[in-house]
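Reader: I am new to this structure and would be grateful for a close look at a single part of it. Please treat the salt bridges in that part as the main subject.

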Amino acid sequence: MRSSIRGAGAAAAATALVVVVGGTWFGYQQLAGPSCSGEIELSVAAAPELAPAVQKASAQWVADGAAVSGTCIAVNVSTSEPVDVAAAVASKHGATLAGVGQASGTVATPDVWIPDSSTWLLRLKNNGAAAFAPGNGASVARSPVVVAMPEPVASRFGWPEKKLGWTDLLNAVSTGKGLRAGIVEPTQDAAGLSGLLSLTAAASASGGDTAKATTGALRALATGRSNLRQDLLARFPRSNDATSIASGLGAAALSEEDVIAYNSTKPPIPLAALYLEPAPMPLDYPFAVLPGIEPAKQSAARVLFELLTTQGFKNRLAAQSLRAPDGNWGDGFKAPQGAPSPAGGPATAPPAGVGAVGGLDPSAIDRSLSGWSIATQSGRMLAVIDVSGSMKAKVPSAGNATREQVTVAAASRGLGLFDDSWSIGLWTFSTELVGSRDWREVVPINRLSTNRGLLEQGLARISPSRGNTGLYDTVLEAYKRVQQDWEPGRVNSIVLFTDGKNDDQNGISQASLISQLKQLNDDERPVQVVIIGIGNEVSKTELQSITNVTGGGTFVTEDPSKIGDIFLKAIALRPNAPR
C-alpha cells in the first residue's frame, strides 16, 4: 500500500468534482463552448501519487470552458489505494486475490480506475473474474521500481559507480552478510510484487537447487516485510551513527517516486535508488475503463485519457515525481542519482498506448505470489491423495506419466516450499483400503522439522489401488481428525486430490456428509477444506457442495499436468489464521 509521506501533495488529491465533456480531444478544442446543460458523473479512482496530477488536469480542462453537444460531465477524481479498489472489483466480479482480503464496503467500483500497475488487472482476470475486460488499459505514467538503500549502505556495494544486478542483491540477502532487506507485502503492493518477481527470477537462474535458493530468499525477505509502505519506510535508519545504520533497514524494493518523496522530507540519511539489472517491471499506471459503464461515460473517459497524454500532463507528472509512459520526464523532474532515461533521451518503456506488463504471463505472477505465501506463513495441513484405480490413467501432456505420478510429483515439489514450522500429515484413500475403511494414514500430522523425511518417503511409496473413490467417508474422517487436534493461531486445513466422483456403495450419502459437516462446523475451530479435482470425470458441483459448508475452495482442471500450479494457488488463497 502507498505511504502517506507526501504531505501536502497527498492532501491536494482529495476528491474533487470537475466538469468535463464527452467526445474527443480534437472535438473539445473545436467545440468548446461557454455553457452546457445536464450532468453525467464520471467517477475516477487514481493511485495516491497520481491523483493530484489527474485532479489538476481535469480542473484546468474545466477552466478552459470545455463542452461538447451541450452536455456537462462531472468527474469525481478520488485518491484510492489500488489494493482497496482491487478488493471491491474482485468482489463484484467473483474473483479471489491472494492476500487482498474482502472489500471493506467503503470503496465503490469506479467508472475509470488508474491503479499503479497493470498487474492488478492481470491478477483479477486470472483469478476468477473471467468476464472482467476493462477498456483501454494504456499507460498514462511510469515509475521505475528500484532497490532503495541508505546511502552509506549503497556505498558499500559500490554505488554510484558500480552497476549491480539482482543476483548481487540475492547473494547479499541470502548469505547473511548483514544486509537487512525488507518488502511491502507483495500480495498488496505492486512495487513489492515487482521486486519479488525479480528476486525469485534471480534465484531460479542461480543454478544448483533453485527451489532451496528461492525459498531461502523469500524467507529472508519475510523477516523484514511490512503491510504498509509507510511502516517500511519508517524502518530505514534515522540517524548517522553506525549502530542505527547497522540495525536499520538496508534494502527494499520501492518505486522511484517513493525514493524521491522520501528524500524530499530531508531525512538524516537519504536513500539511494539502485537501478538493478535486469530492470524490474515498472509501475505503469494503466487507464482502465471498467466494464458496464454507459456510452456517455465511455465518451467522457476517452476525452479524459487524451487529456492525460498531452505535454502539459507530462509536466504535471514531473511535479509528482512521475515519468511519462515512455520513461522520459517533464519539466522540473528531479531524478535520483544514476536514474536512466533522462528527458529527451531514448525511451526504455513500451510505446505509448501499451501497458508496461503487456507481455507478462499472469501465471508467473500467481506462481510467485503462491510461493511467497507458502514460504512465509505457517499452518497445519492434512494432504489426502486419491489412490483409486482411475489414478492409473496416463497423462499425455505429462509425458504419459500416470495421474498418480503427476499428483505425487506436485505434492513433493510443494513440500520443499513449506517452512519447518508447518505441521503436515499424509493420507491416501480409495475404497476398502484398510479392511472396510476407505482411508489410510501414511504419516500423522506433525511439525516438518521432524516429519519431512517421513513425508518424502511416504509420497515415494504411493501407488494406485484397484478400488473405487470413497470420497465422502474420507472427507468426513479427515475433517474430524484435523478438528480434533486443532491448533490456534494457525490455518488448520485439508487439501484433497481426487480424479473421480464418490462411488462407494457401502459409504455414507452426500446428504449425510453435508449434514454431519454442518454439525461439526465450529467458528471457534474452523477447518478449511481445499479440493483439487483432476481430469474430466470429477463433478465440480459435488466437490463444491462440500467446500461450501467447510470453507476453503474447489479447483478443477481437466489437464492433470497443471495441478502443481493449482496446488500452490489453493494454498496461497487460504484465509489468515484466526486468533
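Does Arg490 count as buried or exposed, and what is its relative accessibility?

Author: Arg490 counts as buried, with a relative accessibility of 6%. The cut-off for that class is under 20% relative accessible area, so a value of 6% places Arg490 among the buried residues. This description rests on a predicted model.

The partner of Arg490 may be taken next. Glu487 forms a salt bridge with Arg490, and their closest N and O atoms are 3.0 Å apart. Unlike the buried Arg490, Glu487 is partly exposed, its relative accessible area being 24%. That assignment follows because 24% lies between the limits of 20% and 50%.

Glu487 also forms a salt bridge with Arg447, where the closest N and O atoms are 4.0 Å apart. This pair joins distant parts of the chain, the two residues being 40 residues apart. Glu487 belongs to the loop between α18 (471-484) and β17 (491-498), whereas Arg447 belongs to strand β16 (residues 437-447). Arg447 is partly exposed, with a relative accessible area of 36%.

These contacts belong to a network. Salt bridges link Arg380, Arg447, Glu487 and Arg490. Across the whole structure, a search finds 14 salt bridges.

Helix α18 offers a further example. Within this helix, the side chains of Lys480 and Glu477 meet in a salt bridge, at 3.8 Å from N to O. Both residues lie in α18 and are 3 residues apart, about one turn of the helix. Lys480 is partly exposed, at a relative accessible area of 33%, and Glu477 is also partly exposed, at 28% relative accessibility. Neither residue counts as buried, because 33% and 28% are not under 20%.

A word on confidence completes the account. The protein chain averages a pLDDT of 84, and 85% of the residues score at least 70. Over residues 3-33, however, the pLDDT is below 50, and this stretch has 84 contacts in the model beyond near neighbours in sequence. Residues 343-356 likewise have a pLDDT below 50, with 27 contacts in the model beyond near neighbours in sequence. Where pLDDT is low, the predicted coordinates should not be read in detail.

Notes. Residues numbered from 1 in each chain as written. Predicted model: local features only at pLDDT ≥ 70, side-chain atom pairs only at ≥ 80, totals over all residues. Heavy atoms only, no water. Helix = DSSP H or I, 4+ residues; strand = E, 2+ residues; numbered from the N terminus. Buried < 20%, exposed > 50% of the residue type's maximum accessible area, 1.4 Å probe, protein only. pLDDT = per-residue confidence, 0-100. Contact = heavy atoms within 4.5 Å.
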